[in-house]
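Student: I have a structure open and would like to go through some of its contacts with you. Could we begin with charges that sit over rings?

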Amino acid sequence: EKPVEIYRDEYGVPHIIAESLEDLCFAHGYVQAQDRLWQMDMSRRGVGGKLSEIIGEDGSETDEFTLTVGFVRAAENNFRLLSPEAKAALEAYAAGVNAYMDDNRGRLSPEFALLGYEPEPWKPLDSLSIAVYMSWYLGGNMQSELFHAALIEQVGLELAEEIFPDYPDHGPIIAPQLQGESVFTKEDVPNLIRLARISELGGRTTYVPGLGSNNWVISGDLAPGKGAILANDMHLAMGLPSIWHTSHLILKNRFNVTGVMFPGIPGIIAGFNEYLAWGFTNTGPDVQDLYLLELNPDNPHQYLYMDEWHDAEMIIEEYLVKGENEPRQLEVMVTRFGPEISRVVDLETPISLRWTALEGTREFDAVLGMMDARNWSEFIMVMENFMAPTQNVVYADREGNIGYRANGLIPIRRSGNGLLPSDGTTNRYEWIGYIDWAELPVLYNPPEGIIVTANHRVVDDDYPYFISSQWASPYRAMGIWKELGDKPVYDLDDMIRAQTSYYNTQAEILGPVFINDLKAAKLDTLEQSVLAVFEEWLQEPVEGADLAGPAIYNVLYMRMLERTFADEMGEDLYERFLHNRASTNAFDRMILSGESGWFNDVNTSNNETRSDIVYFAFIDAATYLRETLGGDPQEWKWGDLHTITFKHNMGSVDLLARFCDRGPYPVGGGFHTPANMSYQLLDPYGVTHSAPWRFMVDMSTYEALDALAIGNSGHPFSPHYDDQAELWVEGRYKEMIFELEDVRSLPELLVLEPRT
């Protein structure tokens with residue numbers, strides 16, 4: 001409607017100044033398409049059943065799964081619930097994306113030419129479908145239920161129960177039984193595992209222990225000025241382009257807000273405005289349940305519930321496979337519990353999925369409200385619309401106030417604990433509602449003046465509702481508290497120290513156990529020298545890239561896991577175990593107690609003690625490190641094993657990887673350091689998950705620092721494709737431009753004029 005100014009800073013971050021929300025969202029769509037159009041298109045295809053159109057048969061399983069679950073159907077439900085303002089904003093954003101495509105036909109991202117297609121017009125549902133996908137990425141335990149079911153069939157209930165989720169007694173808290181019998185058989189195990197793999201959507205979601213986040217807030221009473229301080233680093237999959245896009249949005253006479261958003265969606269999901277800052281970590285509640293169905297043998301479109309046959313809703317979805325002239329049809333059966341997903345892998349026992357994100361939610365209204373909010377009351381009021389995924393949201397404002405909420409839909413079950421698929425023929429395990437929004441965990445200006453969340457346990461045993469049994473291990477939270485220490489005043493330097501810390505609290509706790517067991521063992525000269533290096537490092541277990549200690553520790557721990565679990569589980573199930581974030585808590589409990597039914601050798605039928613596991617794993621680790629890094633343990637470096645390579649989504653296409661990928665870069669850290677650097681467990685030791693965006697702000701002065709891995713542009717020819725790579729790898733930051741006068745001083749300006 002009116003001209004919109006778009007300034008770009010030296011890192012390619014767009015700073016958009018507009019006079020109406022629709023114009024602002026139009027421009028945001030335009031610049032996101034400039035920077036990330038191919039990534040946006042692949043995201044909507046990945047959840048919209050349209051991968052096969054461009055990659056052929058290889059995408060068909062993913063398409064069938066996403067069409068069965070119904071990401072787009074969920075987006076349609078969400079759109080109907082949105083406010084008129086939110087709908088208009090999404091329409092304007094889509095128009096902006098389409099305007100960019102119309103202006104640049106024939107010279108869009110090279111990936112389109114390589115795959116031989118042009119993108120379709122953008123629609124509001126595309127943005128909402130991507131939002132539903134992020135809820136899938138961050139909010140569920142379907143994979144855990146499938147794993148637990150397969151595990152019981154593979155090893156028996158007694159051993160399986162030992163590694164079912166628990167939480168260590170020494171772990172901090174943010175705000176301080178099995179149902180039925182298994183109906184599966186060992187023959188079902190491959191299909192249970194296959195269904196879990198398909199649910200990763202072609203590798204775009206992998207539930208490794210590295211998926212998580214950190215955030216914390218410091219009260220104004222402990223800060224240099226009157227305002228509070230916030231720090232946030234969300235741990236997600238690392239790749240090229242980044243999962244985040246950074247933007248600065250200025251709506252005249254309404255708000256000035258900067259931060260990040262997933263490409264394909266307008267607005268800012270985490271960042272700060274003139275009044276307050278906010279950030280997220282994943283709460284990790286159990287918001288998905290699988291239900292075992294009994295179908296009518298005379299009518300497969302009916303299922304048994306409470307002794308009666310009920311008609312399922314039958315939906316016909318279509319998807320096109322590259323090279324085929326006609327679309328394939330997919331019959332989707334939707335029950336009272338949700339879509340029946342087992343037919344994707346021809347599992348004999350039919351299973352339906354219930355998931356909070358399929359219930360109809362209004363997250364985009366919450367996004368607009370967060371950008372607009374000016375105080376705690378306004379902020380938490382709009383957060384009532386943020387239902388999926390459930391998140392730990394922290395808050396800091398310019399008046400010095402801090403707050404926390406575990407926010408979102410968390411189901412209340414009539415009975416059961418969500419660890420295994422439940423009986424769907426009865427109401428016994430049905431959801432009977434959600435935890436009331438007013439009863440969700442909340443903190444506001446606690447006396448300590450600091451709130452830390454790192455995916456660890458939210459509530460203690462006194463909390464009246466079940467949230468989850470699968471809390472992340474507490475080590476990152478403990479490391480953050482250690483780095484912050486007890487100080488009268490904190491500044492951004494303290495935030496940097498905590499956010500980039502490679503201190504491993506797990507090693508601090510488990511290390512003495514390893515040392516005691518190894519000192520009692522018979523070691524040769526090389527092994528003695530390795531032990532000496534290891535013991536010295538454990539005095540201050542910082543996982544620096546140039547140190548030998550973290551190489552010894554991580555290889556030893558991985559060899560212990562393999563020796564304990566791999567033989568009983570078998571290769572495929574062991575892989576799923578390593579993807580289960582509760583595996584660390586269970587195994588560490590076994591190590592500390594020294595007792596477990598898993599401490600045995602299936603091949604020799606010999607019982608083993610923990611000391612045996614530690615000893616043989618240490619011998620394996622020392623041998624591997626000598627063969628890989630040389631004979632002198634003093635010269636070993638963790639960074640020679642532990643690297644990060646930023647891989648483009650099309651990097652597997654012949655020579656494209658050499659042109660598009662960046663790295664490898666040696667890095668420190670690991671799964672349990674505050675600066676998370678998680679590696680793929682079955683393909684050591686390349687980093688797969690970390691913090692694609694690190695961010696902090698002092699609300700007294702709006703002094704804000706951030707670093708995006710690896711750049712804001714998705715175009716390999718752009719200077720902003722990788723201009724933050726070394727900054728991020730080295731744990732350094734850049735200043736975030738926020739004040740209007742600083743924006744207007746930037747030399748690069750694009751003005752969007754109304755069409756005539």
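Tutor: Certainly, bearing in mind that this is a predicted model. Arginine 405 lies over the face of tryptophan 437, at 4.0 Å from the ring centre.

Student: And what does the charged end of arginine 694 sit over?

Tutor: The ring of tryptophan 728 lies beneath that charged end, whose distance from the ring centre is 4.3 Å.

Student: Turning to ring-ring contacts, how many aromatic pairs are found in the whole structure?

Tutor: The search finds 41 aromatic pairs. One of them joins phenylalanine 71 and tryptophan 136 in an edge-to-face arrangement, with 5.7 Å between the centres and 70° between the planes. This pair links distant parts of the chain, since phenylalanine 71 belongs to helix α4 and tryptophan 136 to helix α7, 65 residues apart.

Student: Are those two rings buried or exposed?

Tutor: Phenylalanine 71 is buried, with a relative accessible area of 0%. Tryptophan 136 has 1% relative accessibility and therefore counts as buried.

Student: What about phenylalanine 112 and tyrosine 117?

Tutor: They also form an edge-to-face aromatic pair, at 5.3 Å centre to centre and 75° between the planes. Phenylalanine 112 is buried at a relative accessible area of 3%. Tyrosine 117, at 12%, counts as buried because the cut-off is under 20%.

Student: Which residues form an aromatic cluster?

Tutor: One cluster includes Phe147, Phe514, Trp537, Tyr553 and Trp598. Phe534, Tyr557, Phe565, Tyr574, Phe577 and Phe587 belong to that cluster as well.

Student: New topic: what is the volume of the second largest pocket?

Tutor: Its volume is about 390 Å³. Of the 26 residues that line this pocket, the closest to its centre are Gly48, Gly49, Lys50, Val72 and Asp126.

Student: Which elements give two or more residues to that lining?

Tutor: They are α1 (21–48), α3 (60–69), α4 (71–81), α7 (124–138) and β13 (313–319). The largest share, 5 residues, comes from α1.

Student: And how does the lining divide by class?

Tutor: There are 12 charged, 9 nonpolar and 5 polar residues in the lining of the second largest pocket.

Student: Finally, what is the strand order in the open sheet of 3 strands?

Tutor: The order is β10-β11-β12, and the pairing is antiparallel. The edge strands, β10 (295–296) and β12 (308–311), each pair on one side only.

Student: Over how many bridges do β11 and β12 pair?

Tutor: Strand β11, residues 299–305, pairs with β12 over 4 bridges. Glutamine 302 has aspartate 311 in β12 as its bridge partner.

Notes:
Residues numbered from 1 in each chain as written. Predicted model: local features only at pLDDT ≥ 70, side-chain atom pairs only at ≥ 80, totals over all residues. Heavy atoms only, no water. 1 Å grid on protein atoms, 1.4 Å probe; cavity = no way out; pocket = protein on both sides within 12 Å on 5 of 7 lines; lining within 4 Å. Points joined across faces, edges and corners; volume = space filled by probe spheres on them. Nonpolar A, V, L, I, M, F, W, Y, C, P; charged D, E, K, R; others polar. Pairing = 2+ DSSP bridges. Phe/Tyr/Trp six-rings, centres within 6.5 Å; stacked < 30°, edge-to-face > 60°. Buried < 20%, exposed > 50% of the residue type's maximum accessible area, 1.4 Å probe, protein only. Lys NZ or Arg CZ within 6 Å of the ring centre and 35° of its normal.
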